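Work through the exercises below with the model open. Try each task before reading its solution.

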Amino acid sequence: MKKLSIPFLLFILSCSENQPIEGATWKGTSDFMFITDKSMQMHYASSILSKEVYLNRTYSILKDNSNEVINSLTVVDIEFIDHTDGSKLCRIWGKVDNSKHLSYLLARDCIPN
C-alpha cells in the first residue's frame, strides 16, 4: 500500500473543516422582521413549523400556535450571532412578498446545519 504524503492529508483535512453552511436549526422562539421602504414591522411570536431552514428554499412564516400565514420567506443568507449572555441567535435573511428589501426571521438557540 502506498503512503499518502503529509501535505496531501493536511489539504484533505482542511477542506473538510470548511464546509459551507447550508442551513440552520433552532430550539427557541423566533420573531419575524418585515422590512419595506416605509417601515420595519416586528411580528413577535412567529415561526416556521419545522424550526429548520436551508438556503434557497421558501418557507411560510406563521403566527405562533396558528395556521395564519404572515408572509413567505425565500432564504438567501443566514447570520449566526453569539449574544453577550452566551446564547446563540441567527438571523435568517430572505426575500419576501411585497417588498424589494430583505426581511429576516430572528431565531433563538440556533445552530448551523
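**Exercise 1. Find the polar partner of Ser103 and describe the setting of Ser103.**

Solution. Start with the side chain. A polar atom of the Ser103 side chain lies 3.4 Å from the backbone oxygen of Met33. That fits a polar contact: a pair of N or O atoms within 3.5 Å, where within protein one must be able to donate a hydrogen and the other to accept it, and residues adjacent in sequence count only if both atoms are side-chain atoms.

A note on the source: this is a predicted model, where local features need pLDDT of at least 70, side-chain atom pairs count only at pLDDT 80 or more, and totals for chains, interfaces and linings use all residues. Residues are numbered from 1 along each chain as its sequence is written, and side-chain values use heavy atoms, with hydrogens and water left out.

Next, place the residue. Ser103 is in strand β9; strands (E, at least two residues) and helices (H or I, at least four) are DSSP runs, numbered from the N terminus. Ser103 has 0% relative accessibility and counts as buried. Buried means under 20% relative accessible area, exposed over 50%, and partly exposed in between (1.4 Å probe, protein chains only).

Last, list neighbours. Leaving out residues up to four places away in sequence, Ser103 touches Phe32, Met33, Phe34, Ile35, Leu73, Ile92, Trp93, Gly94 and Val96. Contact here means heavy atoms within 4.5 Å.

**Exercise 2. How many aromatic pairs are there, and how is each classed?**

Solution. Apply the rule. Rings of Phe, Tyr and Trp (its six-membered ring) pair if their centres lie within 6.5 Å; planes under 30 degrees apart are stacked, over 60 edge-to-face, and the rest tilted. The structure holds 2 such pairs.

Take Phe32 and Phe34. Their ring centres are 6.4 Å apart and their planes make 25 degrees, so this pair is stacked. Both Phe32 and Phe34 are buried.

Now take Trp93 and Tyr104. Here the centres are 4.8 Å apart and the planes 55 degrees, so the pair is tilted. Trp93 belongs to strand β8 (residues 88-96) and Tyr104 to strand β9 (residues 103-108), so the pair ties together parts 11 residues apart in sequence. Check the burial. Trp93 is partly exposed at 21% relative accessibility, while Tyr104 is buried at 11%.

**Exercise 3. Which charged end sits over the ring of Tyr104, and what salt bridge does that residue form?**

Solution. Look above the ring. The charged end of Arg91 sits over Tyr104, 5.4 Å from the ring centre. The rule asks for NZ of Lys or CZ of Arg within 6 Å of the ring centre and within 35 degrees of the ring normal.

Then follow Arg91 to Glu79. Their closest N and O atoms are 3.3 Å apart, forming a salt bridge. A salt bridge is a side-chain nitrogen of Lys or Arg within 4 Å of a carboxyl oxygen of Asp or Glu. Arg91 lies in strand β8 and Glu79 in strand β7 (residues 69-82), 12 residues apart. Arg91 is partly exposed at 26%; Glu79 is partly exposed at 29%.

**Exercise 4. Asp31 and Arg108 form a salt bridge: how far apart are the closest N and O atoms?**

Solution. The count of salt bridges is 4. In this one, the closest N and O atoms are 2.5 Å apart. Asp31 is in strand β2 (residues 30-35) and Arg108 in strand β9, 77 residues apart. Asp31 is buried at 7%, whereas Arg108 is partly exposed at 27%.
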